[in-house]
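Colleague: Could you walk me through the labels on this model? I would like to see how each one is earned.

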Amino acid sequence: QVQLSESGGGLVQAGGSLRLSCVASLRFYVMGWFRQAPGQEREFVAAHRWTVLDPDYVDYADSVKGRFTIFRDNTKNTVFLNMNRLKPEDTAVYYCAAGTTYPGPFRYWGQGTQVTVSS
């Protein structure tokens with residue numbers, strides 16, 4: 001059974017930083033992060049795709065470019081999301097996701113971790 005387990009959420013003041021972690025029970029070519037704020041739809045945040053020819057392809061939503069960084073430790077099937085210069089509008093439940101292709105559907109999801117940014 002595939003499992004994704006997130007950690008690292010919490011409460012932080014605007015301008016602060018947090019690091020989210022997600023451990024997967026399997027190695028995936030693609031791992032990413034999404035978020036869902038109250039009353040809003042889930043939205044894409046960042047993705048990391050590993051291939052032999054391009055082992056560190058990354059993609060970001062425009063709203064987080066320059067502030068968030070996604071990276072992986074493949075030896076531990078773990079993906080991280082460094083979040084800097086956080087804003088109140090970053091407040092959401094953050095979900096880890098995994099898949100086999102990018103662009104493409106994310107087939108596996110974690111339970112989510114709450115990130116709250118106070119103004």
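Modeller: Happy to; we will take the rings and then a charge over a ring. This is a predicted model, where local features need pLDDT of at least 70, side-chain atom pairs count only at pLDDT 80 or more, and totals for chains, interfaces and linings use all residues. Residues are numbered from 1 along each chain as its sequence is written, and side-chain values use heavy atoms, with hydrogens and water left out.

Colleague: Why is the aromatic pair of Phe28 and Tyr108 called tilted?

Modeller: Rings of Phe, Tyr and Trp (its six-membered ring) pair if their centres lie within 6.5 Å; planes under 30 degrees apart are stacked, over 60 edge-to-face, and the rest tilted. Here the centres are 5.4 Å apart and the planes make 45 degrees, hence tilted.

Colleague: What makes Phe28 buried, and what is Tyr108 then?

Modeller: Buried means under 20% relative accessible area, exposed over 50%, partly exposed in between (1.4 Å probe, protein chains only). Phe28 has 8%, so it is buried; Tyr108 has 29%, so it is partly exposed.

Colleague: And why is the pair of Phe34 and Phe106 called edge-to-face?

Modeller: Their planes are 80 degrees apart, with 5.1 Å centre to centre. Both Phe34 and Phe106 are buried, and they belong to a cluster linked by ring pairs, including Tyr57 and Trp109.

Colleague: How do you know that Arg42 lies over the face of Trp109?

Modeller: A charge sits over a ring if NZ of Lys or CZ of Arg is within 6 Å of the ring centre and within 35 degrees of the ring normal. Arg42 lies over that face at 4.6 Å from the ring centre. Arg19 lies over the face of Phe80 too, at 5.7 Å.
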